[in-house]
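Subject: Structure for you to look at

Dear colleague,

I am handing over the structure below, together with an account of what was found in it. Please read the notes with the structure open beside them.

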Amino acid sequence: MCLVILWPACWEGDSGPATYPLSPELQAVMAGLSEQRGLPAATNIRAGLVRRDDVRSVVGDALSDSDLGHLGPVEDYEDLYLDFVADALVGLYLPLTDEFLVVDDGESIDFAALSALQRSIVAHEFVHALQDSAFDVPKLFEGAGDDLD
């Protein structure tokens with residue numbers, strides 16, 4: 001299992017998977033997490049599915065050069081990383097586009113039909129959305145510059 005949050009995601013336009021406003025069930029999850037964390041609910045989040053076969057492409061499109069800046073100039077770990085997440089990724093949150101994706105080959109996110117693992121992924125990724133909504137995480141990341149510690 002792998003969870004990924006792509007803080008410096010550079011996804012633009014509608015080249016990625018289709019996303020939709022949160023369903024009432026997902027809105028209830030967000031509201032519950034908001035109450036538990038004492039943070040305002042993130043209201044602009046969109047959710048969608050990405051098929052396992054498309055994960056490598058989706059994550060690759062979302063990576064920017066700065067994501068792997070801690071690697072040496074001749075080290076190419078991007079392919080290794082993308083190969084790993086293509087098989088292991090379960091869900092991800094893209095803060096620059098406020099999108100949450102579940103890796104599944106289904107047609108839509110039916111929260112009641114998700115496995116316990118997938119429901120926990122929804123909750124985990126929504127915590128990132130709450131943090132992003134409350135603290136503008138991409139702006140914080142940008143302010144950190146090259147300091148990846």
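A residue is called buried when its relative accessible area is under 20%, exposed when that area is over 50%, and partly exposed in between. Because arginine 51 has a relative accessibility of 34%, it counts as partly exposed by this scale. Please keep in mind throughout that this is a predicted model.

Arginine 51 matters to these notes for its partner: it forms a salt bridge with glutamate 107, and the closest N and O atoms of the two are 3.3 Å apart. The pair links distant parts of the chain, 56 residues apart, with arginine 51 in the loop between strand S3 (46-50) and helix H2 (55-62) and glutamate 107 in the loop between strand S5 (99-103) and helix H4 (116-135). Glutamate 107, with a relative accessible area of 73%, is exposed. A search of the whole structure finds one salt bridge.

Glutamate 107 also appears at the largest pocket, which holds about 270 Å³ of space. The pocket is lined by 17 residues, of which Tyr20, Gly48, Leu49, Glu107 and Ser108 are the closest to its centre. Strand S2 (19-21) and S3 each supply at least two residues of this lining, and S3 gives the most, with four residues.

Turning to the interior, the largest nonpolar core has 21 residues, and those that touch the most other members are Leu26, Met30, Ile45, Phe100, Ile109, Val122 and Phe126. Two or more residues of this core come from each of helix H1 (24-37), S3, S5 and H4, and the largest share, five residues, comes from H4. Once its neighbours within four places in sequence are left aside, phenylalanine 126 is in contact with Leu22, Leu26, Val29, Met30, Leu33, Ile45 and Phe100. Apart from this core lies another, of 12 residues, which includes Val58, Leu89, Leu94 and Val103.

As for H4 itself, this helix has 20 residues and reaches 29 Å from its first C-alpha to its last, which is close to the 28 Å expected at 1.5 Å a residue. Its buried residues are Gln118, Ile121, Val122, Glu125, Phe126, Val127, His128, Ala129, Leu130 and Asp132. Aspartate 136 follows H4 and has a positive phi, near 50°.

With best wishes

Definitions and conventions. Residues numbered from 1 in each chain as written. Predicted model: local features only at pLDDT ≥ 70, side-chain atom pairs only at ≥ 80, totals over all residues. Heavy atoms only, no water. Salt bridge = Lys/Arg side-chain N within 4 Å of Asp/Glu carboxyl O. Buried < 20%, exposed > 50% of the residue type's maximum accessible area, 1.4 Å probe, protein only. Expected span 1.5 Å × (residues − 1). Core = buried A, V, L, I, M, F, W, Y, C linked by side-chain atoms within 4.5 Å. Contact = heavy atoms within 4.5 Å. 1 Å grid on protein atoms, 1.4 Å probe; cavity = no way out; pocket = protein on both sides within 12 Å on 5 of 7 lines; lining within 4 Å. Points joined across faces, edges and corners; volume = space filled by probe spheres on them.
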